[in-house]
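Dear colleague,

I am writing to hand over a structure for your study. Please look through the sequence and the coordinates before you read the remarks below.

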Amino acid sequence: MLVDLHSHSTLSDGTLTIEAMVAAAEQRRYDAYAITDHARGGLNNHRDMAGAVRSEIDRLSRETRLQLFAGVELTDYHPDRIARAARDARDAGAQVIVVHGECVSMKVEPGTNSAAVRSTDVDILAHPGLLSEEDAAEARRRDVYLELSARQGHCLANGHVYQIVRQAGARVVVDSDAHEEEGLLSTEKVAAVVCGAGASLLFLTRVREQYAPGIIQKVLRRLVLV
Ligand SMILES: [Zn+2]
Ligand SMILES: [Zn+2]
């Protein structure tokens, strides 16, 4: 199953419109796809961003068989604000909540990973960098998915993330974090990301056949409950 629940459009810092990104994902034979544009702590714009992405995704969903989701990536929110912002973004229409984690390639407030895995409304902790064992264990308990990133720079810590995730028994998702068409995933790219992080082919199968459908079910379950 080819699933990608973290990507960007011109609503934040992507280069293509949502419509163009969705068309590109369709061409790549995705099974499920989410646009999760940046909501930024300094702008406090998570509600507006959630609403804007959602209305465009709802429009495009009527024209495609690809399973589409609207989301936001909470970026540079103070850890103390993450849980509340996630809930408010969900109320404003976000179906997938991603938190911009403590990657090794840019500065992110310490404590962000920890706050994200403890927030009920967060689905994915993106590019968690030097993830701690404690946060991975918490992610497992709360069914928060930890990301192996296909994006340049963010992917630097994938080997570490995989080691910690494996020890903790947490669930992982591979995301493109694409900001342009070329950044999107393919079956081969997912294999390169997972195996390049040091995982076995058996783990790759688990990512495709267990974790990918698992997070879609989790997201859909929430939608039914809303
Ligand atoms: Zn990010
Ligand atoms: Zn991103």
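The following paragraphs set out what was found, beginning with the whole chain and then turning to its parts.

Please bear in mind throughout that this is a predicted model.

**The chain as a whole**

The protein chain contains eight helices and seven strands. Its C-alpha atoms fill a box of roughly 40 × 40 × 35 Å, taken along the principal axes. For 226 residues, a compact globule would be expected to have a radius of gyration near 17 Å, and the value of 16 Å for the protein chain agrees with this. Of the 226 residues, 50% are buried. As for contacts between residues at least 6 apart in sequence, 71% of them join residues at least 24 apart.

**Helix 3 and its surroundings**

Helix 3 covers residues 79-91 and bends by about 25° at Ala-85. Ala-85 is also one of the buried residues of this helix, together with Ile-82, Ala-86, Ala-89 and Arg-90. Against which elements do the buried residues of helix 3 pack? They pack against three strands and two helices, namely strand 2 (32-40), strand 3 (67-75), strand 4 (96-100), helix 2 (46-61) and helix 4 (112-117). After helix 3 comes Gly-93, which has a positive phi near 120°.

The loop between strand 3 and helix 3 holds Asp-76. The phi of Asp-76 is positive, near 60°, although the residue is not a glycine. Asp-76 has 16 C-beta neighbours inside 10 Å and therefore counts as partly exposed.

**Three pairs of packed helices**

Two packed helices are described by the angle between their axes and the distance between the axes. Three pairs are described here in that way.

The first pair to consider is helix 2 and helix 3. Their axes come within 8 Å and cross at roughly 35°, and helix 2 passes helix 3 in a right-handed crossing. His-46, Arg-47 and Ala-50 of helix 2 meet Ala-85, Asp-88 and Ala-89 of helix 3. Ala-85, the site of the bend in helix 3, thus appears again among the residues that meet helix 2.

Helix 2 also packs with helix 1 (residues 18-27), where the axes come within 10 Å and cross at roughly 50°. Helix 1 and helix 2 are therefore oblique to each other, and their crossing is right-handed. On the side of helix 1, Ile-18, Glu-19 and Val-22 take part, and they meet Val-53, Glu-56, Ile-57 and Leu-60 of helix 2.

What is the angle between helix 5 (residues 133-142) and helix 6 (residues 158-168), and how far apart are their axes? The two helices pack at an angle of about 55°, with their axes 9 Å apart. Helix 5 and helix 6 are therefore oblique to each other. The contact involves Glu-133, Ala-136, Ala-137 and Arg-140 from helix 5, and Ile-164, Val-165, Gln-167 and Ala-168 from helix 6. Helix 5 passes helix 6 in a right-handed crossing.

**Individual residues**

Three further residues may help you to connect burial with position in the chain.

His-127 lies in the loop between strand 5 (124-126) and helix 5. Is His-127 buried or exposed? His-127 is buried, because 32 other C-beta atoms lie within 10 Å. Its phi is positive, about 25°, although His-127 is not a glycine.

Gln-152 is likewise found in a loop, the one between strand 6 (145-149) and helix 6. Gln-152 is exposed, because it has 10 other C-beta atoms within 10 Å. From C-alpha to C-alpha, Gln-152 and Arg-206 are 24 Å apart in space, and they are 54 residues apart in sequence.

Val-219 is found in helix 8 (residues 201-225). It has 21 C-beta neighbours inside 10 Å and so counts as buried. Which residues are in contact with Val-219, leaving aside its neighbours within four places in sequence? They are Phe-69, Gln-95, Val-96 and Asp-123. Val-219 and Ala-25 are 194 residues apart in sequence, and their C-alpha atoms are 19 Å apart in space.

I suggest that you locate each of these residues and helices in the structure as you read.

Yours sincerely,

A colleague

Key. Residues numbered from 1 in each chain as written. Chains lettered and ligands numbered in written order. Predicted model: local features only at pLDDT ≥ 70, side-chain atom pairs only at ≥ 80, totals over all residues. Helix = DSSP H or I, 4+ residues; strand = E, 2+ residues; numbered from the N terminus. Rg over C-alpha atoms; globule rule 2.2 N^0.38 Å. Buried ≥ 20, exposed ≤ 12 C-beta atoms within 10 Å, placed from the backbone. Contact = placed C-beta atoms within 7 Å. Bend = angle between axes of the 7 residues up to and from the residue. Axes fitted to C-alpha atoms, helices over the stretch in contact; angles between N-to-C directions. Parallel < 35°, antiparallel > 145°, perpendicular 65-115°, else oblique. Left-handed = near helix turned anticlockwise from the far one by under 90°.
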